[in-house]
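Work through these exercises with the structure open beside you. Try each task before you read its solution.

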Amino acid sequence: MSHPFLVKDIAQQAGVSIATVDRVLHGRGGVRQHTVRRIEQAIRELETQRSQLGLSGRKFILDLVMEAPVRFTEAVRAALEAEMPGLRPAVFRARHHLVEVRAVANTVSLLDAIARRGTNGIFLKAPDVPDVTAVVDRVVRSGIPVVTLVTDLPNSRRLAYVGVDNRAAGETAAYLIGAWLGGRRADVLVTLSSNRFRGEEEREIGFRRALREHFPDLGIVDVSEGHGIDRATGELIRTALTNNPNIAAVYSIGGGNASIVQAFAELKRPCRVFIGHDLDADNLELLRSRRISAVLYHDLRQDMRTACVHIMRAQGALPKSVAPGASNIQIITPFNMPI
């Protein structure tokens, strides 16, 4: 039983004699099974306490860098601020760099500036383009861990990705839309905020693959580059609806859902199924009013906690362990909204 603790400390934690602990640690037998389990539990408790002592007084400064609509960046900010107090005795502070649209050159300059100023870690949502990959590599080489959020940069030196399996999310959306349309021939409007984000691209790939395999009678009409901003997205949707009379459903990958619903209403077009992402304020209201069908959701607070744990491990404040997998995808309808 490998451990770094003194036998007397284990004995005290377990409430047994030193001789009993010594027998268990060296596998000599003659000890009741429930006592063995208590000693094993005592070692786990000591490991937890040691981690807590190591965190006591540790301060971590994080930089949250995101390019996304305000409704989503505010949801992420709120999730991070809600989780940070629960990470005590470590103390976290976050600096926020949140915009709806940011030129790649500005993202590069910002990340270089953060690296020069210093930080304990960066949470990043940015386009998967060569210049961003290169600056992430520079930042990591300088000793700063980077965790990608929602959309990944798999060809970079980033520490970890936190978020859903985006291809599985797209496949889930295809299943729901195909089942709800019930074999009807129709087109599905698929909206992206921008083609530059790998996460959105992977959702679309998963959606197309599942639709092609399971619902071949459904076509796809793509709309992109509205950046999830209501006005720009609404204009693109109105054009798509005017040019494509067979659109009967929506898979909104990139947001701007209130403007999409409004465009259907203005043109007096029915939308039989509408699947979106995330439980921001707009989507909560649209669900309550039954103007969208369902939202694919993952717990942002759990994501933020996972991201913080990655940073603490990278900084040596927590022991290394198996990294968690992708976040669970939940299907939220008007009847099971968590908030």
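**Exercise 1: Two cysteines**

C271 is partly exposed, with a relative accessible area of 29%. The model is a predicted one.

Task: Classify C308 as buried or exposed, and state how many disulfides the structure has.

Solution.
- Step 1. Take the cut-off: buried means under 20% relative accessible area.
- Step 2. Read the value for C308: its relative accessible area is 0%.
- Step 3. Conclude that C308 is buried.
- Step 4. Look for disulfides across the whole structure: the search finds 0.

**Exercise 2: A salt bridge between two strands**

Task: Find which residue forms a salt bridge with D63, and decide whether D63 counts as buried or exposed.

Solution.
- Step 1. Recall the idea: side chains of opposite charge can pair when their charged atoms come close.
- Step 2. Name the partner: D63 pairs with R95, and their closest N and O atoms are 2.9 Å apart.
- Step 3. Place both residues. D63 sits in strand β1 (residues 59-67) and R95 in strand β2 (residues 91-99), so the pair links distant parts of the chain, 32 residues apart.- Step 4. Check exposure: D63 has 0% relative accessibility and counts as buried. R95, at 22%, counts as partly exposed.
- Step 5. Extend the picture: salt bridges with shared partners join D63, R95 and R117 into one network.

**Exercise 3: Two more pairs**

Task: The structure holds 19 salt bridges. For R71 and for R185, name the partner.

Solution.
- Step 1. Start with R71: it forms a salt bridge with D282, with the closest N and O atoms 3.3 Å apart.
- Step 2. Place this pair. R71 lies in helix α4 and D282 in helix α11, so the bridge ties together parts 211 residues apart in sequence.
- Step 3. Add the exposure of D282: at 27% relative accessibility, this residue is partly exposed.
- Step 4. Turn to R185: its partner is D217, and the closest N and O atoms are 3.6 Å apart.
- Step 5. Place this pair too. R185 is in the loop between α7 (166-181) and β6 (186-191), and D217 is in the loop between α8 and β7 (218-223).
- Step 6. Compare accessibility with the cut-offs. R185, at 66%, is exposed. D217, at 39%, is partly exposed.

**Exercise 4: The largest cavity**

Task: State how many cavities of 30 Å³ or more the search finds, and which element gives the most to the lining of the largest cavity.

Solution.
- Step 1. Recall the method: rolling a probe the size of a water molecule over the atoms shows where empty space is left.
- Step 2. Count: the search finds 3 cavities of 30 Å³ or more.
- Step 3. Take the largest cavity: its volume is about 300 Å³.
- Step 4. Look at its lining of 28 residues. P69, E200, I253, G254 and D278 are the closest to the centre.
- Step 5. Find the elements: α4 (70-83), α8 (198-214) and α11 (281-288) each give two or more residues to this lining.
- Step 6. Pick the top contributor: α8 gives the most, with 3 residues.
- Step 7. Sort the lining by class: 7 nonpolar, 12 polar and 9 charged residues.

**Exercise 5: The second largest pocket**

Task: State which residues lie nearest the centre of the second largest pocket, and which element gives the most to its lining.

Solution.
- Step 1. Note the volume: the second largest pocket has about 150 Å³.
- Step 2. Read the lining: of 14 residues, Q302, D303, T306, G325 and S327 lie nearest the centre.
- Step 3. Find the elements: β5 (160-162) and α12 (300-314) each supply at least two lining residues.
- Step 4. Choose between them: α12 gives the most, with 4 residues.
- Step 5. Sort by class: this lining divides into 4 nonpolar, 8 polar and 2 charged residues.

Definitions and conventions
Residues numbered from 1 in each chain as written. Predicted model: local features only at pLDDT ≥ 70, side-chain atom pairs only at ≥ 80, totals over all residues. Heavy atoms only, no water. 1 Å grid on protein atoms, 1.4 Å probe; cavity = no way out; pocket = protein on both sides within 12 Å on 5 of 7 lines; lining within 4 Å. Points joined across faces, edges and corners; volume = space filled by probe spheres on them. Nonpolar A, V, L, I, M, F, W, Y, C, P; charged D, E, K, R; others polar. Disulfide = S-S within 2.5 Å. Buried < 20%, exposed > 50% of the residue type's maximum accessible area, 1.4 Å probe, protein only. Salt bridge = Lys/Arg side-chain N within 4 Å of Asp/Glu carboxyl O.
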